[in-house]
Amino acid sequence: MQNTKPAIILSRPQMGENIGAAARAMANFGLTDLRLVAPRDGWPNQRAVDMASGAFDHIPAPQIFNTLEDAIADLQCVYATTARHRDMIKPVLTPAAAAQDAQRRVKDDEKAGFVFGAERTGLTNDETALCTAIIQIPTNPAFSSLNLAQAVLLVAHHIHEAQDNTAEYVLQHGDSPPASREYFENFFGRLEEELEIGGFFSAQDLKPTMLRNIRNMFVRADLSEQEVNTLQGMVSALIGKKKREKKAG
Ligand code: SAH
């Protein structure tokens, strides 16, 4: 099966720990295609495996290449990640924009890859020139370089976000459905009535504003039917209706 998720390519990574942490970040965000170009300490690397915390059970062993050209040969679009400004005419994207661009291309059956440079030197200009675009993660200009694996984490997160269609905000109502406006207004009408009887609206001219404010408080709470029932019960208890019912019963 063709792997349509973008590849993560580490060019000449030095520390096994960073390879392992990058693999972990990839597994966290559902990426599986890890490629290493001439890892300094060879492969396999026990430090990487230790740092990966089991991530290699979720992603295949990395493919190893001698050169970046070989590692990206099958890809159509390749993003070079770099903290430094390069004097090259090449599109420079934010990680979010690049992730969306990659997502769009992957949908069109293209293969995309994100290239990361060595810890000490980053990507060379020649390596960068091989890539179709540059990603610069906006950071503090006075201290702009992220740890290699953390840069992978951040990009992997954006790739995941671009694929993910989870709603940004969901209120879980459990078994009780959200109250309809009518359901809520039934309660609110009763609340208003009881507040009137209880002398809450001392200044009648302020009553409409007060009611609006109170309604806004409740509406903001996005109540479920069960919660409206609870409020109904609270009003009953406060006006002593429950006590009376108990006595009568
Ligand atoms: N000392 C190197 C930085 C190496 S950091 C230099 O000056 O370039 C290791 C890798 O993490 C970089 O090659 C790059 O791939 C990635 N990286 C770190 N910070 C980044 C940033 N702000 N934007 C994009 N990529 C970054």
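Modeller: Let us begin with a term: contact means heavy atoms within 4.5 Å. This is a predicted model, in which local features need pLDDT of at least 70 and side-chain atom pairs count only at pLDDT 80 or more, whereas totals for chains, interfaces and linings use all residues. Residues are numbered from 1 along each chain as its sequence is written, and side-chain values use heavy atoms, leaving out hydrogens and water.

Colleague: Which residues does Val152 touch, not counting residues up to four places away in sequence?

Modeller: Val152 is among the residues with the most contacts inside the largest nonpolar core (buried Ala, Val, Leu, Ile, Met, Phe, Trp, Tyr and Cys joined through side-chain atoms within 4.5 Å). Leaving aside residues up to four places away in sequence, Val152 touches Ile8, Leu10, Ala22, Met26 and Phe116.

Colleague: Which element gives the largest share of this core?

Modeller: The core has 32 residues, and those with the most contacts inside it include Leu34, Tyr79 and Phe114. Among the elements (DSSP runs: helices H or I of at least four residues, strands E of at least two) that give two or more residues to this core are strand S1 (7–11), strand S6 (112–116) and helix H6 (148–163). The largest share, six residues, comes from H6.

Colleague: How many residues does the other core have?

Modeller: This other core lies apart from the largest one. Ala7, Phe65, Ala80 and Leu123 are among its members, and its size is 13 residues.

Colleague: How many disulfides does the structure hold?

Modeller: Cys77 is buried (under 20% relative accessible area) at 2%, and Cys131 is likewise buried, with 2%. The closest cysteine sulfur to that of Cys77 is in Cys131, and because it is 10 Å away, it is too far for a bond. A disulfide requires a pair of cysteine sulfur atoms within 2.5 Å. The number of disulfides in the structure is zero.

Colleague: Which helices each supply at least two residues of the lining of the second largest pocket?

Modeller: A pocket is an open set of points on a 1 Å grid where a 1.4 Å probe fits, with protein on both sides within 12 Å along at least five of seven lines; lining residues have an atom within 4 Å of a point. Here the lining includes Phe187, Leu191, Glu194, Phe218, Met234 and Ile239. At least two lining residues come from each of helix H7 (181–197) and helix H9 (225–238).

Colleague: Which residues lie nearest the centre of the largest pocket?

Modeller: The largest pocket is lined by 23 residues. Those nearest its centre are Thr82, Ala83, Gly122, Ser145 and Leu146.

Methods. Buried means under 20% relative accessible area, exposed over 50%, partly exposed in between (1.4 Å probe, protein chains only).
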